[in-house]
Amino acid sequence: MNKLKPKLSVAIIGAGLAGLSCADRLQTLGFQVHVYEKSRGPSGRMSTRHGEGWSADHGAQYFTARDPVFIEALNTWIKAGVAANWNPCLSIYEGEQWREGNSTEHRYVGVPAMNSPGQYLAKTISIEFNQTIDKIYRQDGKWFLHGLENGEITQSFDYLVLAIPSPQSYALAKLVDHSIGAICSSVNMQGCWTVMARFSDKENMPFDAAFINGGIISWISRNNSKPGRTGQEAWTIHANPQWSQQWIELNKEEASKRILESAKKLGLNCQNAEISIHRWRYASGAINTEMGFILNEGSKLNLCGDWLNGGRVEGAWLSGYKLANAMNISAETNP
Ligand SMILES: Cc1cc2nc3c(=O)[nH]c(=O)nc-3n(C[C@H](O)[C@H](O)[C@H](O)COP(=O)(O)OP(=O)(O)OC[C@H]3O[C@@H](n4cnc5c(N)ncnc54)[C@H](O)[C@@H]3O)c2cc1C
């Protein structure tokens, strides 16, 4: 951006990895950025539940890095001590049989918790937490926002970025742009029931992590096998997307009971464990878009997020980063 011109202002809704990478890149390119986040911390679905003496990653479990630009970002996180390689003893359950998993794939995790890279990025970004944006509108060439908790936001913005899952993007975008609303509503995001089980001693399982094919569980992992984790032995169990979506309105006790019965059949007996459960309403689902983001040069309402770019951590980061670059080019050529 031309350094002599006043800075263009951008509001980003959502401080998940897509919103954070977009904000970080836009700042580097000279934009003035402000992020609004409904939770009390950054990192979205790349998250960790903390309790007394224990913690467990209950959203994304690990991530891969294939794109050179993302690998570069990952290397800065590793250097800063907020990410590291995770090399679990991996099993696969399929056709009612166990076999060894592929351990040649490089898997990475946040350190000491999955939300650490997000917290690291958030340090240099202006973010307002506990601020759920429930209305957006455009007036006299500027974007205005309304927050559920605090009402009208006084500042107006040149650009608006929605960095939130598709159903939440739909709820905001449908009021101002029907075509974007239609894209958002075309994505079928599915939920995920997640159980976290804490044990007083190390559980004697023959793996650190397992992909489960068949039955209601899709993934089991020992949180303490990840680098930098301390505290009580904790396991994370994800129910599969189809089962979770079908039973998304189940009460927590019943969902927990059914998942734990299934875990027991797989050899993880949680009878003496302390249990927490989390319902992710929008866990997974994506559409293929050519660019991995949506840029609107006319209205200056732009979208990024995992659901526009493959549905994983790497895709989320790249979606935000690439959108920021595209906004910069657009600002130069179409002020
Ligand atoms: C159970 C589970 C397991 C997963 N496992 C893996 C895995 O192993 N590997 C992998 O690569 N990926 C995994 N993922 C996917 C990965 O977590 C996501 O792809 C990635 O974190 C998405 O980042 P994002 O920034 O696009 O969205 P999000 O992380 O969802 O960020 C969106 C943010 O916007 C906020 N927000 C939403 N609406 C509003 C609003 N109206 N106002 C203000 N703020 C709002 C939310 O609170 C959130 O912080 C998993 C996800 C889940 C849920």
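Me: Which residues are the closest to the ligand, and how many surround it?

Reply: In this predicted model, 36 residues surround the ligand, and the closest are Ala18, Glu37, Arg45, Tyr62 and Asp306; a residue counts as near a molecule if one of its heavy atoms lies within 4 Å of it. Residues are numbered from 1 along each chain as its sequence is written, side-chain values use heavy atoms with hydrogens and water left out, and local features need pLDDT of at least 70, side-chain atom pairs pLDDT 80 or more, while totals for chains, interfaces and linings use all residues.

Me: What makes the approach of Tyr62 to the ligand a polar contact?

Reply: A polar contact is a pair of N or O atoms within 3.5 Å, and within protein one must be able to donate a hydrogen and the other to accept it, with residues adjacent in sequence counted only if both atoms are side-chain atoms. A backbone N or O atom of Tyr62 lies 2.7 Å from a nitrogen atom of the ligand, so this pair falls within the 3.5 Å limit. A backbone N or O atom of Lys38 is 3.1 Å from a ligand nitrogen, and an N or O atom in the side chain of Arg312 is also 3.1 Å from a nitrogen atom of the ligand.

Me: Why is the pair of Asp306 and Arg45 called a salt bridge?

Reply: The term requires a side-chain nitrogen of Lys or Arg within 4 Å of a carboxyl oxygen of Asp or Glu, and the side chains of Asp306 and Arg45 meet at 2.9 Å, N to O, so the pair satisfies the definition. Asp306 lies in the loop between strand 19 (301–303) and helix 8, and Arg45 in the loop between strand 2 (32–36) and strand 3 (48–51), so the pair ties together parts that are 261 residues apart in sequence. Helices (H or I, at least four residues) and strands (E, at least two) are DSSP runs, numbered from the N terminus.

Me: How do you know where domain 1 and domain 2 lie, and what is the area buried between them?

Reply: The bounds come from an automatic or database domain assignment, which gives domain 1 as 9–46 + 120–187 + 287–333 and domain 2 as 56–113 + 188–284. The area buried between them is about 1600 Å², of which carbon and sulfur atoms give 72%; buried area is the accessible area (1.4 Å probe) that two parts lose on being put together, summed over both. Arg45, Tyr120 and Glu314 supply 40% of the area that domain 1 buries against domain 2, more than any other three residues. The count between the two domains is zero salt bridges.

Me: What makes the peptide bond from Val111 to Pro112 and the phi of Asp140 worth pointing out?

Reply: Most residues other than glycine have a negative phi, and most peptide bonds are trans. The bond from Val111 to Pro112 is cis, with omega near 5°, whereas Asp140 has a positive phi, near 50°.
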